[in-house]
Amino acid sequence: MKRDPGVEFMRILACLMVIGIHTALYAQVDGSWIFSRVFFNCIVADGVAVFFMITGFFLFQSRSYERILKRTWKNLGIPVVLYSIFGFLFFGWLLDGEKLSVSICFSPEKYKTALKTLLSWNNPVPHSDHLWYIYVYVFLMLLFPVLKCFVDYLDEDRKRTQIFLIATFGFFVLNDISGNTLGAFAHHSINGAFPAAIEMIWGHILYRNRGKFTKKWIPAAGMGFLFVNMIRAVIQRWQYRIDGQPSCVIFWFSAMGLFCAVCVACFCLALFQGEKAGESG
């Protein structure tokens with residue numbers, strides 16, 4: 001299997017973003033919100049959006065629903081199930097200071113709550129909030145036939161694609177203006193799957209037109225990324241001063257998050273334009 005160096009570099013940047021957002025210093029010092037720290041938080045806020053776009057690069061090239069489900073179950077389903085069983089039984093003992101007998105005991109209420117949580121397509125395992133991404137990803141794989149039909153519809157007509165890009169970006173903007181009350185996007189279930197699906201389709205469109213991203217796109221994408229994040233940091237700092245809470249613009253499902261993820265994609269694809277794909281290791 002051949003790998004695209006632009007995509008691999010994009011994966012590296014996305015990984016660094018995810019690490020950065022989870023290790024960033026708290027933005028408040030001695031009661032003041034430090035702009036440089038807020039700006040850094042904005043810079044690393046969109047790793048998830050970048051990963052969803054990368055998924056869209058290749059997902060819709062496949063036409064086999066069965067193959068996608070088998071690969072998802074093998075690569076994600078089995079590890080997550082095993083991890084969840086272990087965590088559900090032993091995390092109370094290992095992380096919460098419970099006795100082992102209490103942690104692994106059969107409690108009807110405990111299992112009832114876990115089942116309700118699972119039926120809402122949310123993670124029932126304590127200390128495992130990071131699994132939300134897997135749940136959203138698997139949900140999207142289950143919806144592959146619907147997404148594939150829609151993508152094929154868009155690919156048939158350039159105007160359809162243009163309308164989709166304008167309409168979805170406009171929807172993200174309106175959702176940001178509404179304070180995320182319009183779309184109610186979140187890190188779980190359908191509330192996460194909807195913006196993720198849009199970003200995946202954006203990724204498909206970008207990668208389908210990757211030949212258009214020449215070296216001239218490199219400075220434009222880089223400056224666009226920094227400029228939008230500068231505005232984003234100003235908005236976020238202002239929001240922090242009001243109520244100390246993160247604004248919706250700092251999340252990966254915001255219009256600014258979508259724009260910044262697109263800038264990362266354009267930058268990486270342009271940076272390696274003309275480079276030959278190498279064999280994977």
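In which handedness of crossing does α3 pass α12? In this predicted model, α3 goes past α12 in a right-handed crossing. Helix α3 covers residues 47–59 and helix α12 covers residues 255–271, and the two pack at about 55 degrees with their axes 9 Å apart. That angle makes α3 oblique to α12. On the α3 side, the residues in the contact are A49, V50, M53 and F57, and they meet G257, L258, A261, V262, V264, A265 and L269 of α12. Sorted by class, this α3–α12 contact comes out as 10 nonpolar residues, one polar and no charged ones.

Helix α12 also packs against α1, which spans residues 5–23; here the axes come within 8 Å and cross at roughly 140 degrees. What does that make α1 relative to α12? The answer is oblique, since an angle has to be over 145 degrees to count as roughly antiparallel. The crossing of α1 and α12 is right-handed. From α1 come G6, V7, F9, M10, L13 and M17, while α12 supplies V264, A265, F267, C268, L269 and L271. The class count for α1 with α12 is 11 nonpolar residues, one polar and no charged.

Then there is α10 (189–208). Its axis comes within 11 Å of that of α12, and the two cross at roughly 25 degrees. With that angle, α10 is roughly parallel to α12, as angles under 35 degrees count that way. α10, too, passes α12 in a right-handed crossing. E199, W202, L206 and Y207 of α10 make the contact with L258, V262, A265, C266 and L269 of α12. By class, the α10–α12 contact holds eight nonpolar residues, no polar ones and one charged. A265 and L269 of α12 turn up in the contact with α3, in the one with α1 and in the one with α10.

So what about the core? In soluble globular proteins, nonpolar side chains tend to be buried together. The largest nonpolar core of this model has 75 residues, and M10, F52 and L140 are those with the most contacts inside it. Which helix gives the most to this core? That is α12, with 13 residues. M10 is also one of the α1 residues that touch α12. Leaving aside residues up to four places away in sequence, F52 touches Y133, V136, L140, A196, E199, M200 and W252. L140 is thus among the contacts of F52, and so is E199, which also belongs to the α10 side of the α10–α12 contact.

Helix α2 (residues 35–43) has V38, F39, N41, C42 and I43 as its buried residues. Where do they pack? The buried residues of α2 sit against α1 and α11 (217–243).

Two residues stand out for their backbone. D30 has a phi near 55 degrees, which is a positive value in a residue other than glycine. It is found in the loop between β2 (28–29) and β3 (32–33). Is D30 buried or exposed? At 80% relative accessibility, D30 counts as exposed, the cut-off being over 50%. N180 likewise is not a glycine, yet has a positive phi of about 70 degrees. It lies in the loop between α9 (158–177) and α10. N180 has a relative accessible area of 15% and therefore counts as buried, as that is under 20%.

N180 leads on to N175, a residue of helix α9. N175 is buried, with a relative accessible area of 0%. Not counting residues up to four places away in sequence, N175 touches N180, T181, L182, G183, A184 and F185.

A further buried residue is S103, which has its place in helix α5 (residues 100–104). S103 counts as buried because its relative accessibility is 1%. Beyond residues up to four places away in sequence, S103 touches F88, L89, F90, F91, G92, W93, E98 and K110. How far apart are the C-alpha atoms of S103 and V125? They are separated by 12 Å, with the two residues 22 apart along the chain.

Technical notes
Residues are numbered from 1 along each chain as its sequence is written. Side-chain values use heavy atoms; hydrogens and water are left out. Axes are lines fitted to C-alpha atoms, for helices over the stretch in contact, and angles run from 0 to 180 degrees between N-to-C directions. Helices (H or I, at least four residues) and strands (E, at least two) are DSSP runs, numbered from the N terminus. Angles under 35 degrees count as roughly parallel, over 145 as roughly antiparallel, 65 to 115 as roughly perpendicular and the rest as oblique. A crossing is left-handed if the near helix is turned anticlockwise from the far one by less than a right angle, and right-handed if clockwise. Contact means heavy atoms within 4.5 Å. Ala, Val, Leu, Ile, Met, Phe, Trp, Tyr, Cys and Pro count as nonpolar, Asp, Glu, Lys and Arg as charged, and the others, Gly among them, as polar. Buried means under 20% relative accessible area, exposed over 50%, partly exposed in between (1.4 Å probe, protein chains only). A nonpolar core is a set of buried Ala, Val, Leu, Ile, Met, Phe, Trp, Tyr and Cys residues joined through side-chain atoms within 4.5 Å.
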